[in-house]
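Please work through the following exercises with the sequence and the model at hand. Each exercise states a task and then gives a solution in steps.

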Amino acid sequence: MTAPAREDERFMAAALRLARRNLGLTSTNPSVACIIVKDGTIVGRAVTAPGGRPHAETQALAEAGEKARGATAYVTLEPCSHHGKTPPCADALIASGVARVVISILDPDERVAGRGVVMLRGAGIAVDIGALHAGGEQALEAYLMRQRMKRPHVALKLAVSQDGMIGRTGEGQVRITGAISRAQVQVLRAETDAILVGIGTAAADDPDLTVRLHGLEDRSPIRIVLDRRLDLPVRSKLVRSAQEVPVIVVADASLDEDAATRRAALEAAGAEVLNVDAIPDLLTALASRGISSLLVEGGARAARAFLDAGLVDRILLFTGPITIGEDGIRSPFDRQSIPAGFVLRRTARYGDDIFEDYERNI
C-alpha cells in the first residue's frame, strides 16, 4: 500500500469513529462525519448535528475556515447534491476551495446516488471513492438498510441464563446479567432510533426503556410496544412518560369497541397508536418516518415474530451465569441454538457474562 493510501485510510478511520458519536440522534439523516486535513494536520472536523442538521461538511468547513483551501476532505458518505432544508454540501465543499475529497461510500438516496461526485469533479476537485468501504458500510448500516430495503435495520437483543431462560414465570423482570452488560445495553439504546418490546414484557416488567447511563440520559430512543389489543395500562411507566419520550403502541388494524376506548385513553395520555397487521408493514411505516435502526429487546414472543418474518439483521446475545430452572420462560434460542443464517462476528466477556454479536450472513 502506498503512503497516500495509508494516510487516506488513517484519516477515514478517524472519520468513521467520529461518525459513531451521534448514532441515534440524527434521524431522518444519517450520522456522517467529515474531517478536513491540510498538510497532514486536521484543521476541521464535525459530525451531523442532533436532529440531522447542520450536516458534517458545513460544520467542518466552518471550523477549518481559510485553511480548507487546497485541503483534503474525508467524508464517510457522499456529500449531498440536492437542495433540501439546507443547500447541498457538495456546493459548500466547492466554494471552500478544497482540492480533494475522499469518500468511504456513495449515497444510495436517489436524490444523490453519484450526483455529489459529479458536481465535485465538474468543479475540478479530485474525488476518490472507497476508502475503508467495508467500515463505511458497517458504520452506516442502518441508514443504508432504510435506503435500500425501505425498512429499519433490526437488531435483536436477548439476555439468556445458563439454562436458556429469559425470565421466570410470574415474576416480571429477572436480573440475568451483571452491571457491565447492563451498561452495554444502555449504550446500545443510546445509539438506536427506536426500541421495541411485546405487550407481555411491557405488562410484566413495567419498563422505562429509556437510557439511564449517566451523561446519556437525553439519548433515549422512541419506544414501541407490540400490543394487538391495546392492553398497555395507561398507568404504566411507558405511557406516563410518553410526553417526555415518544411511545408508539402497535395494534391490529381492526379493533373492537372496547379497544377504541382504550385507544382514546392512550392517545389522551400522549402515546401514539399505530394500526398494522404484520411486522413487515410496521417496519415500512417506521422507515417512512425516518427511523433507520430498531432494537428489539423482548420478550420471547416478539423475538420469535421478527425471526419468523426473516427480519432480524443482527443478534446481540448476553449469556449470564445464573440458572433459572423449570419455572423459567424459555428463550427462542441460546448459544447452542443460534438461528440458521447468522455468523458470529464478535465475542467478549463482561464480568461473568458472555456477549456474542451475530450478523445475518448475506
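The exercises below concern a predicted model and treat aromatic pairs, cysteines, sheets and buried elements in turn.

**Exercise 1. Aromatic pairs**

Determine how many aromatic pairs there are, and classify the pair F11 and Y74 as stacked, tilted or edge-to-face.

Solution.
1. A pair of aromatic rings is described by the distance of the centres and the angle of the planes.
2. The count comes to four aromatic pairs.
3. The ring centres of F11 and Y74 lie 5.4 Å apart, and their planes meet at 35°, so this pair is tilted.
4. The partners come from distant parts of the chain: F11 belongs to helix α1 (residues 3-19) and Y74 to strand β3 (residues 72-77), with the two positions 63 residues apart in numbering.
5. Both F11 and Y74 are buried.
6. The ring of F11 has a further neighbour, since the charged end of R10 sits over it, 4.5 Å from the ring centre.

**Exercise 2. A ring cluster**

Describe the geometry of the pair F318 and F355, and state which residues form a cluster through ring pairs.

Solution.
1. For F318 and F355 the centres are 4.8 Å apart and the planes are at 45°; the pair is therefore tilted.
2. F318 lies in strand β13 (residues 314-319) and F355 in strand β16 (residues 353-360), 37 residues apart, and the pair links distant parts of the chain.
3. F318 has a relative accessibility of 2% and counts as buried. F355 is buried as well, at 4%.
4. Ring pairs join F318, Y350 and F355 into a cluster.
5. The strands that carry F318 and F355 are themselves paired: β13 and β16 run antiparallel and are joined by six bridges. Within this pairing, T319 has I354 of β16 as its bridge partner.

**Exercise 3. Cysteines**

Decide how many disulfides the structure holds, and examine C34 and C89.

Solution.
1. A search of the whole structure finds zero disulfides.
2. For C34, the nearest cysteine sulfur is that of C89, 8.4 Å away, and C34 is in no disulfide.
3. For C89, the closest cysteine sulfur is in C80, at 3.7 Å, which is too far for a bond. The cut-off used in this step is 2.5 Å.
4. Both residues are covered: C34 is buried with a relative accessible area of 0%, and C89 is buried with 2%.

**Exercise 4. The sheet of five strands**

Give the strand order of the sheet of five strands, and identify which strands stand at its edges.

Solution.
1. The order is β2-β1-β3-β4-β5, in an open sheet with mixed pairing.
2. The edge strands are β2 (41-47) and β5 (126-129); each has a single partner strand, so one side of each lacks a neighbour in the sheet.
3. On average, neighbouring strands of this sheet are turned by 15° against each other, direction ignored.
4. At one edge, strand β1 (residues 33-38) pairs with β2 in the antiparallel sense over six bridges, and K38 stands opposite T41 in β2.
5. Helix α4 (residues 115-122) packs on the sheet and touches β4 (100-105) and β5, its direction making about 150° with that of β5.

**Exercise 5. The sheet of nine strands**

Repeat the analysis for the sheet of nine strands, and then describe how β8 is covered and paired.

Solution.
1. This open sheet has the order β11-β10-β9-β8-β12-β6-β13-β16-β15, and its pairing is mixed.
2. β11 (272-275) and β15 (342-350) stand at the edges; each has a single partner strand, so one side of each is without a neighbour in the sheet.
3. Neighbouring strands are turned by 20° against each other on average, direction ignored.
4. In strand β8 (residues 194-198), five of the five residues are buried.
5. In a regular strand the side chains alternate between the two faces of the sheet.
6. In β8, A194, L196 and G198 point one way, I195 and V197 point the other way, and all are buried.
7. β8 runs parallel to strand β9 (residues 222-226), to which five bridges join it; L196 has I224 of β9 as its bridge partner.

**Exercise 6. A buried helix**

State which residues of helix α6 are buried and which elements they pack against.

Solution.
1. In α6 (residues 141-149), the buried residues are A142, Y143, L144, M145, R146 and Q147.
2. The buried residues of α6 pack against β3, β4, α5 (133-139), β6 (153-160), α11 (279-288) and β12 (293-298).
3. After α6 comes K150, whose phi is positive, near 60°.

Terms used:
Residues numbered from 1 in each chain as written. Predicted model: local features only at pLDDT ≥ 70, side-chain atom pairs only at ≥ 80, totals over all residues. Heavy atoms only, no water. Phe/Tyr/Trp six-rings, centres within 6.5 Å; stacked < 30°, edge-to-face > 60°. Helix = DSSP H or I, 4+ residues; strand = E, 2+ residues; numbered from the N terminus. Buried < 20%, exposed > 50% of the residue type's maximum accessible area, 1.4 Å probe, protein only. Lys NZ or Arg CZ within 6 Å of the ring centre and 35° of its normal. Pairing = 2+ DSSP bridges. Axes fitted to C-alpha atoms, helices over the stretch in contact; angles between N-to-C directions. Contact = heavy atoms within 4.5 Å.
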